[in-house]
Amino acid sequence: MTHYTPTSPKVSVLMVSHDAEKTVRRAVESLQNQTFGNFELIVVDAGSTDETARLLSALADRDMRVSVAQAGECGRQDALNLALDRARGDYLLVFDADGWADPTMLEELADRAESGSLELVIGGFSLSLSIGGGRSARAEVSSEARTFPTQHDFRSYAWKLLAEGQLLPASGKLFSRALVERSGARFSQGSGSDHSFVTRCLAEVERVTVVAGARYHVSRGIPHGPRDVVDGYRRLEEEHVALLALYESWGLDGDAASVEAIQDRYIEQLMDCVERICGRGSRMGSADQRRLVAQMIDTDRAQVAASVARPRGSAARAMLAPIRARNIPLVCAQTRLISLIRPGIADVTPDLFV
């Protein structure tokens, strides 16, 4: 095992906690049990009102690798930026308070990064979701091991990682500090997502590898109120614009496979938003459902995606024609039917939730 050096940890793990008393111990202990020991864990508690702060304090008292900062009430991205500012490691890894890792995860990621002088190591993850109305979904997101000899090779392949939901999540990836500093990557305040940090790094990254298998795991419930749905749709729109800009900066905005992957992702995640409005367990009235769905699908962006996308999920494919026709009642009715006949979330789009 690589031992911890207090003044120069090899890996800095960044975590945000908020009312996570049911999961945070498992998260921290899964790091303490790693076969790789030369890391620091920086936990920023964002105003927890339950036992989270007490649990973290007890864990930190017994392990000098763990430090805890109390930030008061703040958003996840503000808290992650605070953790980022305190990090001392050569590599950075984002870890969720409702996540846990296999014992060899850090060792595998760090060994690959060190041996290949890599700037980004992309690991796989598993995701377990629960949502209102008794719906749930599970997904494992991983790819075959692959190292990209050039920046162009990675960019040309990135659409496959995007299509699988593995490209954008920050959690479970190892970023070199040099890459983060060169790209000026920060967590975007108010975005509700870590993806902007990743896209900033992707714009500059040169040496990348993908490790096979899922060593990182997340289990969480999905908020289902009207405000949550609206916020989720806003994040989708912002990230779609950012993805289009990223691929344009790469010179791949005319690449057919890349464009289709971006539009597939948009439609699949748009349908997740629609299902959360109209599907089983929704507390919205019919008039509010139709109003929100109309705002989502009667846009140039949605129409372009519906004309280009070829989503893998049968539910999303079934909605292309009604969206193109701007048939709001049919979109709502078909979404309700899909939600009733399928036991889980219609089309799981992992990077929407990690």
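This passage describes one buried serine and two helix packing arrangements in a predicted model.

Serine 12 lies in strand β1, which spans residues 11-17. Its relative accessible area is 0%, so serine 12 counts as buried, the cut-off being under 20%. The side chain of serine 12 makes a polar contact with the backbone nitrogen of arginine 88, at 3.2 Å. Beyond its neighbours within four places in sequence, serine 12 is in contact with Glu40, Ala87, Arg88, Gly89, Tyr91, Leu92 and Leu93. Arginine 88 thus appears both in that list and as the partner of the serine 12 side chain.

Helix α11 covers residues 300-308. Its buried residues are Ala302, Gln303, Ala305 and Ala306. Viewed down the axis of α11, these residues fall within an arc of 165°, so they line one face of the helix. In an α-helix, 3.6 residues make a turn, so residues three or four places apart point the same way. Asp300 and Ser307, on the other side of α11, are exposed. The buried residues of α11 pack against three helices: α9 (256-278), α10 (286-297) and α13 (320-324).

Helix α9 also meets α14, which runs over residues 328-341. The two axes come within 9 Å and cross at roughly 85°. Helices α9 and α14 are therefore roughly perpendicular to each other. On the α9 side, the contact is made by Met271, Val274, Glu275 and Cys278. Helix α14 contributes Val331, Cys332, Thr335, Arg336 and Ser339. Of the residues in this contact, five are nonpolar, two polar and two charged.

Terms used:
Residues numbered from 1 in each chain as written. Predicted model: local features only at pLDDT ≥ 70, side-chain atom pairs only at ≥ 80, totals over all residues. Heavy atoms only, no water. Helix = DSSP H or I, 4+ residues; strand = E, 2+ residues; numbered from the N terminus. Buried < 20%, exposed > 50% of the residue type's maximum accessible area, 1.4 Å probe, protein only. Polar contact = N/O pair within 3.5 Å; in protein donor to acceptor, adjacent residues only side chain to side chain. Contact = heavy atoms within 4.5 Å. Arc of directions from axis to C-beta. Axes fitted to C-alpha atoms, helices over the stretch in contact; angles between N-to-C directions. Parallel < 35°, antiparallel > 145°, perpendicular 65-115°, else oblique. Nonpolar A, V, L, I, M, F, W, Y, C, P; charged D, E, K, R; others polar.
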